[in-house]
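Okay, thanks everyone for coming. I'd like to walk you through one structure today, so have a look at the screen.

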Amino acid sequence: FNRLDWNINSKNQLTLRNNTVFSEATNLERDAANFRFGSMDFKQNNNQSSTVLELKSQLGRGSNSLIFGYTDIHDYRTPLSEKFSFPQTEIAYNGGTIFIGNEREATVFNLKQKTFEFTDNFNWSIGKHSILLGTHNEFYNIDYGFVNSWNGRIAYKSVADYLAGKVNRVRGFYSFQNNDRDSLFNNPYAQFNVNLSSIYLQDEINLGKLKLSPGIRLDYTDLPVKPALSVQTPKQYTNQYFDNLNISPRLGFTYKSNSWTIRGGSGIFVGRIPFAWLGYAYYNDGIGFGSFDLNNRATLTNIGDPIKDGSKTFAFNNGQKNLVQIDLLDNGFKMPKMWRSNLAIDKTIEGYKLTVEGIYTKTLTDLKFQQINTVTDNPTYYSFDTKKEM
């Protein structure tokens, strides 16, 4: 942690601070039901550096705080097995599972995120009013390198089936262009930007025993380059989503009388979503990657084991060539939004403060992750959707 404070003069103060963290940990989990061989272990690396420059200024009756920020995050996983290409193998045993090979979510995982922040808050006092005018902006540049089951995923129904070479299920996800592990790791397919901008205005009005705090906030969400749409995508999906501009009014109050205080407020608040979920829409666009899922093979005869007999192509030659998975954001997708109100009473009795408070929250829009199973020429479609309550 590093910090530098500079008193430029009596009205201006500059602060520069940095917080840098390097961390790593291995990840081999075992419990009573699941046993993982050492090859499943991987190292999780989380590196982050955040720098903030803040200028505080006195301007007559007003004051201003100007903030510039930059954050660099790099999270990646390194399998500890010497053979990256060995797939995650699952063997059902005694109500649990034996795992061999490489962890399917660790062979290709490389996230880089750069965030730029700009914030400016201006406070101005005049008469009974204390006014705040501000803006807060975050600009994300994300390279999301994650390929699930890049080297495959194989399942057996029992140890006996494993020893007999009777594969039950084979799954995988692969690039149509270059499926080399180093290429996928160093050149993430999902590269996108997210911009969050807001402006807000609030006035604190002092009326003696009563203080009122009306305010309004405008939030703008922007995805400059939206995910590509495969030609196999149903026509009703048009990449028209995000309720770009949200208007959120708020009102608060505080009333003080002798030993009593009554306070409360009501307002609309806009949240955000995990950006990793947006990354799935970029990866699973039906253009860059294919997938396969062959199930219930242990009941068939003369099938063999694709691990022990990789020269044969029967494992993938059953009409599933070049299948794709498509993740979508539903048309009209909105950011999460809630309406929250509270009312509280504070009473001071002989030096003790007693409080009774009630809070009411109603979700207006929220995230819904749904497997919609829309079938067109056999692909299965998944989508992010929003639930709206009036």
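Let me start with one pair of residues: N34 has T97 in strand 7 as its bridge partner. Before I go on, please keep in mind that this is a predicted model.

So what sits around that pair? Strand 3 and strand 7, which covers residues 96-100, run parallel to each other, and they pair over 3 bridges. Zoom out a bit and you find an open sheet of 6 strands, in the order 3-7-6-10-11-16, with mixed pairing. Which strands stand at the edges? Those are strand 3 (34-36) and strand 16 (289-294); each has a single partner strand, so one side of each has no neighbour in the sheet. On average, neighbouring strands here are turned by 10° against each other, if you ignore direction. As a quick reminder, strands in a sheet pair through backbone hydrogen bonds, and they can do that parallel or antiparallel.

For the antiparallel kind, come over to strand 14. Strand 13 pairs with strand 14 in the antiparallel sense, over 11 bridges. If you want a landmark there, L212 is opposite F253 of strand 14. Strand 14 also pairs with strand 15, again antiparallel, this time over 8 bridges. Here the landmark is T254, whose bridge partner in strand 15 is R263. Strands 14 and 15 make a hairpin with 2 residues between them, and N258 in the turn has a positive phi of about 55°.

Now the surface. L133, L201, I216, Y220, L245 and I247 together make a nonpolar patch of about 540 Å². Strand 13 (210-222) and strand 14 (245-257) are the elements that give two or more residues to that patch. I247, for one, lies in strand 14.

On to charges. Side chains of opposite charge can pair when their charged atoms come close. How many salt bridges does the structure hold? There are 11, and I'll show you a few.

My favourite is E138 with R272, at 3.1 Å from N to O. E138 is in strand 9 (residues 129-146), while R272 is in the loop between strand 15 (260-270) and helix 3 (275-283), so this pair ties together parts that are 134 residues apart in sequence. Is each partner buried or exposed? E138 counts as buried, because its relative accessibility is 12%, whereas R272 is partly exposed at 44%. Salt bridges with shared partners also join R263, D346 and E357 into one network. And yes, R263 is the residue I just mentioned as the bridge partner of T254.

Two more pairs are made with residues close by in the numbering. E105 makes a salt bridge with R104, with the closest N and O atoms 3.7 Å apart. E105 is partly exposed at 30% relative accessible area, and R104 counts as buried at 19%; the cut-off for buried is under 20%. Then there's D5 with R3, where the closest N and O atoms are 2.9 Å apart. D5 is partly exposed, with 41% relative accessibility.

Last stop: Q113, in strand 8 (residues 109-126). Q113 is buried, at 14% relative accessible area. What does Q113 touch, leaving out residues up to four places away in sequence? The list is T71, D72, I73, Y140, N141 and I142.

That's my tour, so over to you for comments.

Conventions: Residues numbered from 1 in each chain as written. Predicted model: local features only at pLDDT ≥ 70, side-chain atom pairs only at ≥ 80, totals over all residues. Heavy atoms only, no water. Salt bridge = Lys/Arg side-chain N within 4 Å of Asp/Glu carboxyl O. Buried < 20%, exposed > 50% of the residue type's maximum accessible area, 1.4 Å probe, protein only. Helix = DSSP H or I, 4+ residues; strand = E, 2+ residues; numbered from the N terminus. Contact = heavy atoms within 4.5 Å. Patch = residues over 30% accessible without salt bridge, like charges linked within 9 Å, V, L, I, M, F, W, Y side chains within 5 Å. Areas by Shrake-Rupley, 256 points an atom, 1.4 Å probe, with all protein chains shown as cover. Pairing = 2+ DSSP bridges. Axes fitted to C-alpha atoms, helices over the stretch in contact; angles between N-to-C directions.
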